[in-house]
Amino acid sequence: MDNSPVLSAGQVSFFKENGYLILENCIEPDLLAAWQEQFWWCLSAKFDDPDSWPTDQTFIGRWRFTPPCPNIGAVPMVQAAVDQLSGGNFIGGGGAPIIKWPNSSGQWSLPRSSHIDGYGPPSQHPEGGLVLGALANLHDVESKGGCFIYWPGSHLSTHDYFVRHPEQINGSFLDNEGWNYTEFSKGSTEGPTEFYAPAGTVILWHGFMCHNGSPNVNTTPRIGIFGRWHYKKLEEMRYDILDDLWKHWAV
Ligand SMILES: [Fe+2]
């Protein structure tokens, strides 16, 4: 068995500094084709037939690809990268696909607000405390095509906030009067950034990195295949990061 790390030291330090990492050609073309076939079969629709698109369906709960197709968390390169980063301390890897249907007559702008996953509406993660996310687009996505938007480096300003307000790691920050996620995102080094890439490219992000969706004014749907991981020992580990954000990681 090959135990050599899948991520280089440079990729690991990029992830730690910027809160995300983009892995190109991560999903093999055969697997991507099988994912596409299963997904559109489940929707009873066709990618190249806009009249068939169920545009009121924007996410699919309890989603799993049918074996032998792996879910995103079990794709070999993703699994190896997560294992390398987490040292086996995280569990999860599933997630609901999120669809941004095209609205080519709509207005496009970057979202003003952001969020982190694992808090707030239970649709995101019932246990809370997400530590790592992964996203692959099922089809190629170009700028303004419903991209995932992320605030590079904001995982560090979110961490700073929790160092100052550790009692709020349980999500009570949401109850602060006039709460605004700019408290977390204000340390972003580049401001909101679009993730657009060919299908098969994966972005990994730290659970404290601020992100959001965005409008799709192109002509094809953005179908995001998500994986999410949390700490194996959520309650113990999530308060235990005040001195070192990476304490329960292997990096
Ligand atoms: Fe999110």
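How are the donor residues of the iron ion spaced in sequence? They follow the pattern H-x1-D-x93-H, and the tour begins at that site.

Before selecting anything, note that this is a predicted model, in which local features need pLDDT of at least 70 and side-chain atom pairs count only at pLDDT 80 or more, while totals for chains, interfaces and linings use all residues. Residues are numbered from 1 along each chain as its sequence is written, and side-chain values use heavy atoms, with hydrogens and water left out.

**The iron site**

Select the iron ion together with His115 (NE2), Asp117 (OD) and His211 (NE2), the protein donors, which lie 2.0 to 2.2 Å from the ion. Donors here are N, O and S atoms within 2.8 Å of the metal (3.2 Å for Na, K and Ca), and since water is not among the atoms, sites may look incomplete. Aspartate 117, in the loop between β3 (98–100) and β4 (130–137), and histidine 211, in strand β8 (residues 211–212), link distant parts of the chain, being 94 residues apart. The helices (H or I, at least four residues) and strands (E, at least two) named on this tour are DSSP runs, numbered from the N terminus.

Now colour the donors by accessibility, taking buried as under 20% relative accessible area, exposed as over 50% and partly exposed as in between (1.4 Å probe, protein chains only). Aspartate 117 is buried because its relative accessibility is 2%, and histidine 211 is buried with a value of 4%. Histidine 115, in the loop between β3 and β4, counts as buried at 18%. From histidine 115, measure across to threonine 182: the two are 67 residues apart in sequence, and 9.0 Å separates them in space, C-alpha to C-alpha.

**Helix α4**

Next, select α4 (154–164), whose buried residues are Ser154, His155, Ser157, Thr158, His159, Tyr161 and Phe162. Among the elements that cover these buried residues are α1, α5 (182–185) and β7. Within helix α4, centre the view on threonine 158, which counts as buried because its relative accessibility is 0%. Leaving out residues up to four places away in sequence, threonine 158 touches Ile116, Phe184, Phe208 and Cys210, where contact means heavy atoms within 4.5 Å.

**The nonpolar cores**

Which residues touch the most other members of the largest nonpolar core? Select Trp35, Phe39, Trp40, Phe162, Phe184, Val202 and Trp249, which hold that place in a core of 60 residues. A nonpolar core is a set of buried Ala, Val, Leu, Ile, Met, Phe, Trp, Tyr and Cys residues joined through side-chain atoms within 4.5 Å. Elements that each supply at least two residues include α1 (9–18), α3 (76–86), β7 (202–206) and β9 (222–231), while α2 gives the most, with five residues. Apart from this core lies another, of eleven residues, including Tyr20, Phe148, Phe195 and Ile203.

Display the surroundings of tryptophan 35: beyond its neighbours within four places in sequence, the residues in contact with tryptophan 35 include Phe65, Pro70, Asn71, Ala136 and Ile225. Move on to asparagine 71, in the loop between α2 and α3, which is buried at 12% relative accessibility. With the same sequence neighbours left aside, asparagine 71 is in contact with Trp35, Arg64 and Phe65. The C-alpha atoms of asparagine 71 and isoleucine 225 are separated by 8.7 Å, although their positions lie 154 residues apart along the chain.

**Backbone features**

Proline 68 is also in the loop between α2 and α3; select it with proline 67 to see the cis peptide bond that joins them, with omega about 10°. Then go to asparagine 25, in the loop between β1 and α2, which has a positive phi of about 50° although it is not a glycine and is exposed, with a relative accessible area of 66%. A positive phi, near 70°, also occurs at lysine 144, in the loop between β4 and β5 (148–150), and lysine 144 is partly exposed at 39%.

**The cavity**

Finally, select Leu130, Val131, Phe208, Tyr231 and Arg238, the closest to the centre of the largest cavity among the 14 residues that line it. On a 1 Å grid over the protein atoms alone, a cavity is a set of points where a 1.4 Å probe fits but cannot get out, and lining residues have an atom within 4 Å of a point. The lining divides into nine nonpolar, three polar and two charged residues, with Ala, Val, Leu, Ile, Met, Phe, Trp, Tyr, Cys and Pro counted as nonpolar, Asp, Glu, Lys and Arg as charged, and the others, Gly among them, as polar.

Technical notes:
1 Å grid on protein atoms, 1.4 Å probe; cavity = no way out; pocket = protein on both sides within 12 Å on 5 of 7 lines; lining within 4 Å.
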